Amino acid sequence: MNATISSIGIYHPQKEIKNSYFEEFLDTSDQWIRERTGIENRYYASENEYTTDLCVKAVEALAKNHNTNLQEIDFIIVATSTPEQTLPSVASQVQTRMNIPHAGCIDISAACGGFVYGIILAKGLIASRTHRKILVIGAETLSKVTDFTDRSSCILFGDGAGAVIVEASTENHLFKVITDTHGSYGKDLYLSNKNIPINGMPIIPDNKIRQNGRVVFKWAVSTLTKKIEELVSKNDMTLDDINFFIPHSANIRILEAVCKELNIPMEKCLESIRNYGNTSEASIPLAWYDGIISGKVKPKDKLLLIGFGGGLTCAGICLQNNIEMK
Ligand code: COA
């Protein structure tokens, strides 16, 4: 059974956080943040606004954008590292809040790779003919797990959500995929409230995101460079066949380094880092949506999506864009 993606919706919280916000309590500057990360702005959820709330808003936006009948959805996958509860899942809360009568529901944990992992799982469920219309959401409220005393990490993160529907189709628009993980780097990017070593290394168990920024940066550049080439060749394509690359937006310098290495013009790389910061699972749908709304991404365009992050793990897919805003 073939699959396609023809609908998208996004949401970001209302509270806008400019770089100058951090200048008030940290030894940092707007200039440092822009030059070293590309970030100019991000949004934070309010105190009583949680990941499920962002998901619901993104799904409402999707339904409005495409006049979608949500009742037909038969599975919901939410990729998030910041569920407000361990149980119940965010997906099951979206199911009840959106009145979707009968849907299997799971949350998945693959950090910034999660949205692409969600699409890959949905593609597999459709191929196995067990499900036909699957809601895949990437959503984060990272501001709730940010250490605001750590200037090298707190300036990076933002909150947001993006939703797509992966559905059975006569034509196949979702092509071959790649997945890869280097678990030995687990200690270099973690979020834990348990005092249990990772890779034998002691950790800070304070439920805040902790990272070794330089290690993650280097890993991301070398892994993305290799995996993008591997993915296009697996699809019998060349880099020139891809209209737009949408890697996870973690730092504009990571994207610039990968594009330089692969000789891809930056105009072909869609990002969400400038306006939203690093929103983890939400960053790819936010960039995809902005690409469509700005008129850059058109129906039939070939896209390469690639997520990477905590694990350290990575997942990519080539697809044909079938989303159009009427
Ligand atoms: N403002 C001012 N100076 C800062 C700063 C800030 N917000 N954060 C760090 N610095 C300082 C450091 O203390 C260091 O100072 P020193 O030279 O006196 O020791 C200097 O800037 C350079 O630090 P470094 O860590 O080498 O900076 P960097 O260029 O690697 O940028 C990150 C740091 C975190 C922005 C960058 O490594 C990064 O984006 N890594 C990837 C992280 C990531 O993607 N995580 C999520 C994956 S999904």
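Helices and strands here are DSSP runs, numbered from the N terminus. The model is predicted.

**Exercise 1. Place the cis peptide bonds.**
Task: Find where Pro88 and Leu312 sit, and describe the peptide bond that leads into each.

Solution.
- Step 1. Start with the general rule: most peptide bonds are trans.
- Step 2. Check the bond from Leu87 to Pro88. This bond is cis, and its omega is near -5°.
- Step 3. Locate Pro88. The loop between β4 (75-79) and α4 holds this residue.
- Step 4. Check the bond from Gly311 to Leu312. Here too the bond is cis, with omega near -10°.
- Step 5. Locate Leu312. The loop joining β12 and β13 (313-320) contains Leu312.

**Exercise 2. Check a phi angle.**
Task: State the sign of phi at Asn67 and say where Asn67 lies.

Solution.
- Step 1. Recall that most residues other than glycine have a negative phi.
- Step 2. Read the angle at Asn67. Phi is near 50°, so the value is positive, and Asn67 is not a glycine.
- Step 3. Place Asn67: the loop between α3 and β4.

**Exercise 3. Describe two helix pairs.**
Task: Classify the packing of α7 with α8, then of α3 with α4.

Solution.
- Step 1. Two numbers are needed: the angle between the axes and the distance between the axes.
- Step 2. For α7 and α8 (residues 252-262), the angle is about 40° and the axes are 9 Å apart. That makes α7 oblique to α8.
- Step 3. Add the hand: α7 and α8 cross in a right-handed way.
- Step 4. For α3 (residues 51-66) and α4 (residues 90-97), the angle is about 50°, with 9 Å between the axes. That makes α3 oblique to α4.
- Step 5. Add the hand again: the crossing of α3 and α4 is right-handed.

**Exercise 4. Map the ligand's surroundings.**
Task: Name the elements and residues around the ligand, and list polar contacts with the ligand.

Solution.
- Step 1. Count the shell. It has 23 residues, and Thr28, Arg36, Gln211, Arg214 and Asn251 come nearest.
- Step 2. Sort by class: nine nonpolar, nine polar and five charged.
- Step 3. Find the elements. At least two shell residues come from each of α2 (30-37), α6 (151-154), α7 (213-234) and β12 (302-309). The most come from α7, with four.
- Step 4. List contacts. The side chain of Arg36 has an N or O atom 2.8 Å from a ligand oxygen. For Arg253, a side-chain N or O atom also lies 2.8 Å from a ligand oxygen. Arg151 uses a backbone N or O atom, 2.9 Å from a ligand nitrogen.
- Step 5. Finish with cover. On its own the ligand has 960 Å² of accessible area, and the protein covers 76% of it.

Conventions. Residues numbered from 1 in each chain as written. Predicted model: local features only at pLDDT ≥ 70, side-chain atom pairs only at ≥ 80, totals over all residues. Heavy atoms only, no water. Near = heavy atom within 4 Å. Polar contact = N/O pair within 3.5 Å; in protein donor to acceptor, adjacent residues only side chain to side chain. Areas by Shrake-Rupley, 256 points an atom, 1.4 Å probe, with all protein chains shown as cover. Nonpolar A, V, L, I, M, F, W, Y, C, P; charged D, E, K, R; others polar. Axes fitted to C-alpha atoms, helices over the stretch in contact; angles between N-to-C directions. Parallel < 35°, antiparallel > 145°, perpendicular 65-115°, else oblique. Left-handed = near helix turned anticlockwise from the far one by under 90°.
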